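Student: Could we go through this structure and check the reasons behind the terms used for it?

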Amino acid sequence: MDRLTTYLDHAATTPVRPEVVAAMAPFASERFGNPSGSHRLARDARTALDDARDAVAAAVGADPGDVVFTSGGTEADNLAVLGTLPGHPATIVTSSVEHPAVLEPARAAARLGFSHQEAPVDADGAVDLDRLADLLGPHVAVVSVMLANNEVGTVQPFDQVARLVRRHAPQAALHTDAVQAAPWLDLARLAADADLLSVSAHKLGGPKGAGALVARVPVRPILHGGGQERDRRSGTHDVAGAVGLATALTLAAAERDPTAARVRALRDRLADGLLAAVPGTVESAPRDRVLPGHCHLRFAGVDQEELLVLLDRDGVCAAAGSACASGALQPSHVLLAMGVPPADAKTAVRFTLGHTSTDADVDRALAAVPAAVARLRG
Ligand code: PLP
């Protein structure tokens, strides 16, 4: 990244750590074996895969046998939601602010005869526990509530969610999407009660296209083939990706507390500075409820797309948090679920900091954003 680029979009993806690149490199060259074979090169790849599995398991507090390597967070979420459905009609309960990687498989299952119910959230984006309890019962097969939200950053009261699910739907599999939480929160402690947990390497300084589902309960595969991953996920292993995920998770876990404290201070300076410098700015969720790197603001009367274009011209990379694959910005389903009117939702910009963020990034954003907003307001 050049010196003039201010990268404030860590929730979208993070710069790959040099240690991860180094750890992956041999598997893109001389250590190219297929771990499903039996000769020496295959055994070498198998050893690397087993080591990666052990490291992922240690970082998230799971048994190595529970780790299913996937092509990323999306596949892990799909496997959790679809792989736990029974052979008879049943209900999937999610929060209304889940990532599309959870909501869309649930909606796809609903088109096939299952039922999908969404638990609403409060104005801060936290799931409404009473309304969640109302949706639970013996008919529920799977409940999916994320550890932390990708758009506004709200951390969910997952321990209370788990207690409700065990009391009112003890037969249900409980999934949590920990993709955004993984760089910041102790997954081993916070998600100990989850039956299923998704992580993705590229949010942690790892490669894109690598992730894992921790499955403490049986899952039926959604990819059928050679029976890899104990029949839970067929397909020749991406050994380099698994090694990259393991390295990134291990590094992130080792430096989590100091990095979180450092980034939280940077985020607070950014948020306080923008709130002071730009009249009519609101934070979408209170800071004590969101991840350390998230600064999600709404700038009254400003079109988010126009603001993002101006910021990009100034070298500041931020996001609306709700782009679909075409790049078109829809009013965010998360903000709408939090009760934000659609017109206000279109004024939102998400600045997300991460392990490489510096004071200089904050300084440049504090110079660029007020100027860009002032220009748009004429
Ligand atoms: N879940 C959450 C909360 C995310 O933020 C993302 C990515 O933005 C995903 C799932 C999807 O992960 P991946 O990009 O690895 O498919």
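Tutor: What follows is a set of questions about a predicted model, beginning with the ligand site.

Student: Which residues come nearest to the ligand?

Tutor: The ligand has 13 residues around it, and those that come nearest are Gly 73, Thr 74, Asp 177, Ser 200 and Lys 203. A residue is counted as near if one of its heavy atoms lies within 4 Å.

Student: What makes the pairing of Lys 203 with the ligand a polar contact?

Tutor: A polar side-chain atom of Lys 203 is 2.6 Å from an oxygen atom of the ligand. The limit for a pair of N or O atoms is 3.5 Å, so this pair qualifies. Thr 74 has a side-chain N or O atom at 2.6 Å from an oxygen atom of the ligand. For His 99, the distance from a polar side-chain atom to a ligand oxygen is 3.4 Å, and that value is also within 3.5 Å. The protein buries 86% of the 390 Å² that the ligand exposes when taken alone.

Student: How do the residues of the shell around the ligand divide?

Tutor: Two are nonpolar, eight are polar and three are charged. Helix α3, residues 73-82, gives the most to this shell, with three residues.

Student: Why is α3 called largely enclosed?

Tutor: Eight of its ten residues are buried, so the rest of the structure largely encloses α3. Among the buried residues are Gly 73, Glu 75, Asp 77 and Asn 78.

Student: Where is Thr 84, and why is Thr 84 called buried?

Tutor: Thr 84 is in the loop between α3 and β3. Its relative accessibility is 14%, and buried means under 20%, so Thr 84 counts as buried. A polar atom of the Thr 84 side chain lies 2.6 Å from the backbone oxygen of Ala 80. Setting aside neighbours within four places in sequence, Thr 84 is in contact with residues including Leu 79, Ala 141, Val 142 and Pro 218. The C-alpha atoms of Thr 84 and Ala 172 are 8.9 Å apart, although 88 residues separate the two along the chain.

Student: What makes Thr 91 buried?

Tutor: Thr 91 has a relative accessible area of 8%; the limit is under 20%, so the term applies. Thr 91 is in strand β3. Beyond residues up to four places away in sequence, Thr 91 touches Ser 115, Gln 117, His 139, Val 140, Ala 141 and Val 142.

Student: How do you know that Ser 284 is buried?

Tutor: The relative accessibility of Ser 284 is 7%, which is under 20%, so Ser 284 counts as buried. Ser 284 sits in the loop between β9 and β10.

Student: What makes the pairing of Ser 284 with His 296 a polar contact?

Tutor: The side chains of Ser 284 and His 296 are joined at 2.7 Å, and the limit is 3.5 Å, so the term fits. The Ser 284 side chain also makes a polar contact of 3.1 Å with the side chain of Arg 298. Leaving aside neighbours within four places in sequence, Ser 284 is in contact with residues including Ala 123, Val 152, Leu 335 and Met 338.

Student: Which residues touch the most other members of the largest nonpolar core?

Tutor: That core has 87 residues, and those touching the most other members are Phe 69, Val 143, Leu 187, Val 199, Leu 245, Phe 299 and Phe 351. Helix α9, residues 239-254, gives the most to this core, with nine residues. Not counting residues up to four places away in sequence, Val 199 touches residues including Gly 73, Leu 187, Leu 245 and Leu 249.

Conventions
Residues are numbered from 1 along each chain as its sequence is written. This is a predicted model: local features need pLDDT of at least 70, side-chain atom pairs count only at pLDDT 80 or more; totals for chains, interfaces and linings use all residues. Side-chain values use heavy atoms; hydrogens and water are left out. A polar contact is a pair of N or O atoms within 3.5 Å; within protein, one must be able to donate a hydrogen and the other to accept it, and residues adjacent in sequence count only if both atoms are side-chain atoms. Accessible areas come from the Shrake-Rupley method with a 1.4 Å probe; for residues, only the protein chains shown count as cover. Helices (H or I, at least four residues) and strands (E, at least two) are DSSP runs, numbered from the N terminus. Ala, Val, Leu, Ile, Met, Phe, Trp, Tyr, Cys and Pro count as nonpolar, Asp, Glu, Lys and Arg as charged, and the others, Gly among them, as polar. A nonpolar core is a set of buried Ala, Val, Leu, Ile, Met, Phe, Trp, Tyr and Cys residues joined through side-chain atoms within 4.5 Å. Buried means under 20% relative accessible area, exposed over 50%, partly exposed in between (1.4 Å probe, protein chains only). Contact means heavy atoms within 4.5 Å.
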